[in-house]
Amino acid sequence: MIKLYDKGVYLVSGVDIVENPGEIKQRTGREISASEASKNTIAYNILKDHNTSDNMEELQIKFDKLTSHDITFVGIIQTARASGLEKFPIPYVLTNCHNSLCAVGGTINEDDHMFGLTSAKKYGGVYVPPHQAVIHQYAREMLAAGGKMILGSDSHTRYGALGTMAMGEGGPELVKQLLKRTYDIKRPGVIGIYLDGEPAKGVGPQDVALAIIGATFGNGYVNNKIMEFVGPGVEKLSADFRIGIDVMTTETTCLSSIWKTDEVIKEFYDIHGRVNDYKELNPGDVTYYDGMVYVNLSEIKPMIAMPFHPSNVYTIEEVNKNLKDILHEVEEKAKVSLGGAVDYSLQDKIRDGKLYVDQGIIAGCAGGGFENICEAADIIRGKFTGVDEFSLSVYPASTPIYTELVRNGVVADLMETGAIVKTAFCGPCFGAGDTPANNAFSIRHTTRNFPNREGSKLQSGQIASVALMDARSIAATAANKGYLVQATDLDVEYTGQKYHFDKKIYENRVFDSKGVADPSVEIKFGPNIKDWPDMPALPENLMIQVVSEIHDPVTTTDELIPSGETSSYRSNPLGLAEFTLSRKDPEYVGRAKEIQKAQKAIEAGDCPKDGLPGVEVYIHKAKETFPDLDKTNLGIGSTIFAVKPGDGSAREQAASCQKVLGGWANIATEYATKRYRSNLINWGMLPFITKEDHEHLSFKNGDFIFIPEIRKAIEDKTAEIKAYVIKDELKEITLTLGDLTDDEREIILKGCLINYYRD
């Protein structure tokens with residue numbers, strides 16, 4: 001079904017995979033090195049076109065367009081305003097698809113929307129009102145273009161199937177683009193994703209995506225690399241099918257994605273009235289990839305990602321055959337994710353030897369596409385969902401899609417079955433819509449199934465489970481009144497409805513400045529919209545207390561700063577910070593605030609004795625070895641340790657909330673994603689790496705770590721940084737920071753990106 005090559009390979013004529021370099025001359029009549037052939041990837045050439053430096057190993061990228069949604073754009077624009085923003089220099093689209101319901105926290109969500117509308121007018125942007133489109137569907141319909149690059153403040157910014165290399169990053173990276181700076185990164189490796197064969201009837205894009213995620217996430221095969229989709233299987237897939245696979249590449253922890261394009265994609269652009277934005281993209285005659293994932297589409301079966309990660313994949317067939325054993329496996333894995341916070345069992349979901357699920361959701365950037373919903377309707381048409389616990393909700397990804405589903409009768413067909421069809425909204429994907437009941441089991445064609453993300457609150461004893469599936473098997477399960485079944489078991493005649501895009505829907509409702517700014521417009525600020533607090537520069541010497549210690553194999557951004565109702569406070573840095581690690585380590589905020597008191601005492605010119613009780617004892621202990629240490633050259637703050645933090649969302653608040661609470665660093669054995677590490681740096685936090693085994697660390701929760709001359713170490717580009725765990729005596733440890741650009745070093749020295757630009 002899926003094969004991972006253990007080394008780099010050549011692709012000849014876009015079809016033949018060649019492992020032995022010696023065969024290249026035999027096939028082509030010429031010698032070509034791996035280095036030369038790597039320049040023939042689609043990815044290399046798009047990066048080259050957008051690189052503003054004269055060095056293709058150290059890239060400085062300028063993107064063509066930017067996009068954000070309503071739990072990210074306020075903070076981004078506030079940061080850019082504080083740094084001197086006068087006008088959006090490139091098209092910037094502000095969509096409103098996360099806090100759309102305006103149902104939490106009084107007026108604050110709609111206040112954010114009005115902030116967005118007035119900012120789009122003032123600075124020359126595009127404003128997409130709530131319920132019009134989810135961020136990524138609008139980008140597909142209106143922004144994507146062949147050979148272009150888009151940067152978005154959402155991790156699922158992926159438009160590779162349309163020939164657009166798109167990346168999801170934390171807000172500060174968008175701020176850099178708004179201030180006409182660059183996205184700086186070493187040239188990433190490129191992994192070929194070779195599609196062969198053709199999907200079986202009833203197999204959908206989510207099935208293919210989950211199979212690829214299951215094969216690549218755990219081993220980091222594509223981590224921070226670009227996935228390039230090639231091979232004869234690509235042409236067997238519709239545009240919607242390709243998009244459905246592509247959006248899920250984020251869950252492999254890759255950096256971005258790109259696909260070869262053809263007449264199918266040209267037709268997509270033509271349908272949307274933008275045929276001139278199409279560009280044919282293909283790898284060169286001889287192309288070298290740093291690795292290759294071979295996918296036989298014909299062998300892909302309906303898949304299910306069981307709680308609590310998209311990589312926890314099984315075939316639906318094997319789940320149904322080995323139900324008790326697999327549910328037990330999931331329960332055992334959950335002990336790590338849930339940390340024993342709740343009693344967790346799935347055995348009560350077995351009814352008459354079958355798995356009964358309580359809820360089905362088809363929604364968002366992954367599930368809400370036209371083709372997914374039409375084929376789901378084909379499966380369930382004429383049947384009904386039943387009157388028991390099971391419910392089915394469908395969210396078309398945009399109003400143009402919704403309109404076409406109304407016109408062709410699909411909405412009526414779905415509603416007749418008992419399904420509810422709702423507006424374009426990302427809520428079910430991050431815990432702000434269709435939250436299941438306690439102990440319920442939900443199957444969803446959405447992007448993620450992390451714990452807490454569906455609305456659970458472990459600290460309140462609430463837990464629900466989400467499994468990811470394709471819309472087709474969700475519809476088959478709905479037709480089976482909630483008992484899990486795969487779509488390939490049903491004999492269905494798919495009607496293959498034609499999509500017609502109605503451009504008037506956006507023209508009549510979306511504000512588009514056409515790039516013209518109006519400085520006279522006053523931005524509307526609701527009472528929840530706050531400026532960032534002042535943040536100090538990196539001190540000469542640093543003392544940090546470990547205030548949270550997490551030994552899970554991976555820590556998600558949802559665990560660092562929960563989603564759901566907390567998203568309403570993302571325009572309020574201090575308010576949101578109160579939720580930091582609240583569902584993973586509820587004591588974190590209190591501990592961080594206590595040590596922050598010592599730093600504030602120093603800033604006020606006072607002694608630390610008025611801050612955290614006893615901190616002066618640790619300072620005194622450090623002074624025994626470093627006698628020049630005093631309050632004029634010492635900074636005090638907090639840090640967390642996590643084995644592998646930062647999987648999941650691009651949300652910058654996973655880092656900024658720690659900084660607001662006095663955080664100076666993270667210590668990890670590795671970082672799950674480039675974007676989380678970048679968020680730390682952009683908020684002036686040190687992304688430390690330790691080589692110590694996480695189960696036998698030299699430090700533990702509550703310990704103080706002293707890092708002398710840290711500022712000098714950053715300035716001098718010191719590779720290994722000596723630090724000391726303060727106990728009865730100073731115990732030396734070694735920390736590293738990995739590669740840092742000169743700008744990243746300066747941002748850390750200044751204390752955060754805002755300070756860097758302000759200065």
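1. Helices and strands are DSSP runs, of at least four residues for helices and at least two for strands, numbered from the N terminus. In this predicted model, Phe308 is located in the loop between β16 (303-305) and β17 (313-315). The peptide bond that joins Pro307 and Phe308 is cis, with omega about 10°.

2. Two residues other than glycine deserve attention for their backbone angles. Ser13 is not a glycine, yet its phi is positive, at about 55°. Ser13 belongs to the loop between β2 (9-12) and β3, and its relative accessibility of 54% makes it exposed, because exposed means over 50%. The second residue is His131, whose phi is near 75°, again a positive value in a residue other than glycine. His131 sits in the loop between β7 (126-128) and α6 (135-143). With a relative accessibility of 27%, His131 counts as partly exposed.

3. The salt bridges may be considered next; the count comes to 38. One of them joins Arg27 and Asp16, with the closest N and O atoms 3.3 Å apart. This pair links distant parts of the chain: Arg27 is in helix α1 (residues 22-28), Asp16 is in strand β3 (residues 16-18), and the two are 11 residues apart. Arg27 is partly exposed at a relative accessible area of 45%, and Asp16 is partly exposed at 32%. The pair also belongs to a network of salt bridges in which Asp16, Glu23 and Arg27 are linked.

4. Another salt bridge is formed by the side chains of Asp434 and Lys422, at 3.1 Å from N to O. Asp434 lies in the loop between α17 (427-430) and β23 (441-445), while Lys422 lies in the loop between β22 (420-421) and α17, so the pair ties together parts that are 12 residues apart in sequence. Lys422 has a relative accessibility of 26% and therefore counts as partly exposed.

5. Lys514 and Asp512 also form a salt bridge, and their closest N and O atoms are 3.6 Å apart. What is the relative accessible area of Lys514? The value is 68%, and Lys514 is therefore exposed. Its partner Asp512 is partly exposed, with a relative accessible area of 37%.

6. A negative surface patch is formed by Glu540, Asp628, Asp630 and Glu709. Of these residues, Asp630 can be placed in the loop between α23 (615-625) and β28 (634-642). Asp630 has a relative accessible area of 33% and is partly exposed. That value is consistent with membership of the patch, because patches are made of residues with over 30% relative accessible area and no salt bridge.

7. Two buried residues in loops have side chains that reach backbone oxygens. Is Asn96 buried or exposed? Asn96 is buried, because its relative accessible area is 0% and buried means under 20%. Asn96 lies in the loop between β6 (92-95) and α5 (108-123). A polar atom of the Asn96 side chain lies 2.7 Å from the backbone oxygen of Val128.

8. Arg274 occupies the loop between α10 (263-271) and β14 (286-289). Although Arg carries a charge that counts as positive, Arg274 is buried, with a relative accessible area of 11%. Which backbone oxygen does the side chain of Arg274 reach? The side chain extends to the backbone oxygen of Ala144, at 2.7 Å.

9. Helix α9 (residues 239-247) is mostly covered, since 8 of its 9 residues are buried. The buried residues of α9 are Ala239, Phe241, Arg242, Ile243, Gly244, Ile245, Asp246 and Val247. The list therefore includes Arg242 and Asp246, which count as positive and negative respectively.

10. The last point concerns Thr477, a residue of helix α18 (residues 471-479). Thr477 is buried, with a relative accessible area of 0%. How many residues separate Thr477 and Phe390 in sequence? They are 87 residues apart in sequence, while in space they are 9.7 Å apart from C-alpha to C-alpha.

Key: Residues numbered from 1 in each chain as written. Predicted model: local features only at pLDDT ≥ 70, side-chain atom pairs only at ≥ 80, totals over all residues. Heavy atoms only, no water. Patch = residues over 30% accessible without salt bridge, like charges linked within 9 Å, V, L, I, M, F, W, Y side chains within 5 Å. Areas by Shrake-Rupley, 256 points an atom, 1.4 Å probe, with all protein chains shown as cover. Salt bridge = Lys/Arg side-chain N within 4 Å of Asp/Glu carboxyl O. Charge placed at Lys NZ, Arg CZ, Asp CG, Glu CD. Buried < 20%, exposed > 50% of the residue type's maximum accessible area, 1.4 Å probe, protein only. Polar contact = N/O pair within 3.5 Å; in protein donor to acceptor, adjacent residues only side chain to side chain.
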